[in-house]
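User: I am new to this structure and would be grateful for a close look at one part of it, namely the open sheet and what surrounds it. Please treat the matter in one connected account.

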Amino acid sequence: GKLNFAASVVPARPFLRRLINAIFTVKKPYHFIRITKNIREDLLIWAEFLNHYNGVTFFRSLGILPSDALHLYSDASHLGFGAFYGSRWIQASYPMDWRDLHISTLELYPIYVLVSLFGHLFKNHSILFHCDNMAVTHIINNQTSAVKENMSIVRPLVLLLMKLNISLKSE
């Protein structure tokens with residue numbers, strides 16, 4: 001039988017989930033579905049990944065690396081964030097217009113920054129990230145959010161995780 005490409009690339013699910021849910025709403029095969037803005041944005045990120053994907057996926061390292069073994073940490077407040085990996089660290093203030101965002105968005109952002117800056121150093125690994133925010137843990141584990149601002153971080157984060165072949169889970 002044919003191999004389902006989307007199913008064989010593990011992180012494809014968050015980008016196809018909304019489309020699959022929309023397909024399940026139709027009653028007849030000739031019915032149409034509405035391509036919403038969220039579905040369109042998901043498909044654009046998926047297309048970007050496919051444009052760079054060479055068809056080769058390496059097995060991730062055996063076992064799961066806890067973030068504390070990697071010395072991978074982040075934290076945020078409404079004023080700014082800090083994060084570090086090993087002896088490398090970053091910190092920044094949020095722009096004034098970010099200070100009214102939900103704390104889950106502000107806590108999610110430094111995780112994306114960490115992976116953006118240092119992800120190449122732990123590519124092909126499965127990482128368990130310890131997080132003090134249950135909403136962020138849920139977002140990372142499900143790779144989706146109903147909050148628009150969170151999705152503006154989740155989409156590029158998951159794209160980066162796919163490119164680096166990193167499995168990121170949280171607790």
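Analyst: The account below begins with the chain, proceeds to the sheet, and ends with the core. The model is a predicted one. Its chain contains 7 helices and 6 strands, arranged along the sequence as α-α-α-β-α-β-β-β-α-β-α-α-β.

The open sheet consists of 3 strands, ordered β2-β3-β4, with antiparallel pairing. At its edges lie β2 and β4 (88-93), each of which pairs on one side only. From one strand to the next, the twist averages 5°. Between β2 and β3, which run antiparallel, there are 5 bridges; Leu72, for instance, has Tyr85 of β3 as its bridge partner. A helix, α5, packs on this sheet and touches β2, β3 and β4. The direction of α5 makes about 145° with that of β2.

The sheet also leads to the interior of the chain. The largest nonpolar core comprises 38 residues, and Leu72 is among those with the most contacts inside it, as are Leu108, Leu114 and Phe122. Elements giving two or more residues to this core include β2 (72-76), β3 (80-85) and α5 (103-118). The largest share, 9 residues, is nevertheless supplied by α7.

For the chain as a whole, 40% of the 171 residues are buried. Of the contacts with a separation of 6 or more, 73% involve residues 24 or more positions apart. The chain exposes about 10,300 Å², of which carbon and sulfur atoms supply 61%.

Methods:
Residues numbered from 1 in each chain as written. Predicted model: local features only at pLDDT ≥ 70, side-chain atom pairs only at ≥ 80, totals over all residues. Heavy atoms only, no water. Helix = DSSP H or I, 4+ residues; strand = E, 2+ residues; numbered from the N terminus. Buried < 20%, exposed > 50% of the residue type's maximum accessible area, 1.4 Å probe, protein only. Contact = heavy atoms within 4.5 Å. Areas by Shrake-Rupley, 256 points an atom, 1.4 Å probe, with all protein chains shown as cover. Core = buried A, V, L, I, M, F, W, Y, C linked by side-chain atoms within 4.5 Å. Pairing = 2+ DSSP bridges. Axes fitted to C-alpha atoms, helices over the stretch in contact; angles between N-to-C directions.
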